[in-house]
Amino acid sequence: MEKKLRVGVLGATGMVGQRFISLLENHPWFEVVTVAASPRSAGKTYEEAVGGRWKMTTPMPEAVKKLAVMNVNEVEKVASTVDFVFSAVDMSKDEIRRIEEEYAKTETPVVSNNSAHRWTPDVPMVVPEINPEHFDVIQFQKKRLGTAKGFIAVKPNCSIQSYAPVLTAWKEFEPYEVVATTYQAISGAGKTFKDWPEMVENIIPYIGGEEEKSEQEPLRLWGHIEDGVIVKAEEPKITCQCIRVPVLNGHTAAVFVKFRKNPTKEQLIEKMVNFKGLPQELKLPSAPEHFIRYMEEDDRPQVQLDVDYEKGMGISVGRLREDSIYDWKFIGLSHNTVRGAAGGAVLCAETLVAKKYIQAK
């Protein structure tokens, strides 16, 4: 790419906003030129606005420290400075839906980490290795919004990344019933142990809204476009429990699957480790070379050892074995704020650039 695209981060001071900032440092295609946040942060430098709340393990990039934070509500002003934006705003769902559409209507593509538009019928919700063809629905969204270039695209919930790609790799064996329990890191709630001390040595057996997302969002990934909207798939039926555990980064899933066909263990492993999609074919900057790996050791994957596989963009699977009630069961692990949040959105943006949906203004 001759000249980097100008990027804005909406909600730049929060945890996912910070993850965007850190992932985009030295990105070959994108340059963060604008950071926007709530009115209380507006006017301060990014360094001042974040203060002691920088939650990444790597230092704040020098290039953003002195950027003046803009008011995210001044949509036209922010949009005039960028080619597209990543959205990680912390607002109510109604407010997010409204402000993301306002940005899109300024002819600014919005790639969102938020859940507000995941079920808007003409908004694509994409894991680029699974359903990049859903970006084709953007043409219908543009007609609704009255835009030539502006649109919204979203990535799915972080909790499904540890099992939905695996089930996709096994599609030809026709999985039709799935039971999953996810063990979710505290960074999924935007927290560290410093600001959530009650999570130390604790488990909370409830995460608001997560179980419905974990059961329904994979079906939207596996759906199809019909009459200008995404129609979700009917199967596999998924039932899920979501548990918050004392881990900083990394969502683990314990998954049980029934198949209509009768695959062998060797076939299941072969399909997983060879599974790839458009990002791998195009060699996109953030694409993991190997999306899913299988680990033979009985005690893997482990969060501490494996969460950063492929810089946090890959998925680790282990303990694949036959089950006495279901057909097969396995353990999956994904990085919730990299693959599951900001990194997944960056890969979506790279795919949108490759497919010519995002271009310089």
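**Cysteines, cores and selected loop contacts**

Cys348 is buried, with a relative accessible area of 2%, in this structure, which is a predicted model. Cys240 likewise falls in the buried class, its relative accessibility being 5%. Neither residue takes part in a disulfide: for Cys240 the nearest cysteine sulfur belongs to Cys242 and lies 3.9 Å away, whereas for Cys348 the nearest cysteine sulfur is that of Cys158, at 14 Å. The cut-off applied to a pair of cysteine sulfur atoms is 2.5 Å, and the 3.9 Å separating the sulfur of Cys240 from that of Cys242 is therefore not counted as a disulfide. For the structure as a whole, the number of disulfides is zero.

The largest nonpolar core comprises 57 residues, and the members that touch the most other members are Tyr103, Tyr163, Trp170, Trp222, Met272, Leu320 and Phe330. A further core of 45 residues lies apart from this one, and includes Val35, Ala49, Leu67 and Leu284. Tyr163, one of the residues listed for the largest core, is in contact with Ala180, Thr182, Ser214, Pro218, Cys240, Ala253, Val255 and Phe330 when neighbours within four places in sequence are set aside. Two of the residues already described thus reappear around Tyr163, namely the buried Cys240 and Phe330, itself among the residues of the largest core that touch the most other members.

Asn114 is placed in the loop that runs between strand 5 (110-112) and helix 6 (138-145), and with a relative accessibility of 11% this residue counts as buried. Its side chain is engaged in a polar contact of 3.1 Å with the side chain of Ser87, and in another, of 3.2 Å, with the side chain of Glu100. Beyond four places in sequence, the contacts of Asn114 comprise Ser87 and Glu100 together with Ala88, Val89, Ile96 and Val154.

A second loop position, Thr45, is found between strand 2 (30-37) and helix 2 (46-50). With neighbours within four places in sequence left aside, Thr45 is in contact with Lys65, Lys66, Leu67, Ala68 and Val69; of these, Leu67 is also listed among the members of the 45-residue core. Thr45 and Pro288, by comparison, are separated by 243 residues in sequence and by 34 Å in space, taken from C-alpha to C-alpha.

Technical notes:
Residues numbered from 1 in each chain as written. Predicted model: local features only at pLDDT ≥ 70, side-chain atom pairs only at ≥ 80, totals over all residues. Heavy atoms only, no water. Helix = DSSP H or I, 4+ residues; strand = E, 2+ residues; numbered from the N terminus. Contact = heavy atoms within 4.5 Å. Buried < 20%, exposed > 50% of the residue type's maximum accessible area, 1.4 Å probe, protein only. Polar contact = N/O pair within 3.5 Å; in protein donor to acceptor, adjacent residues only side chain to side chain. Core = buried A, V, L, I, M, F, W, Y, C linked by side-chain atoms within 4.5 Å.
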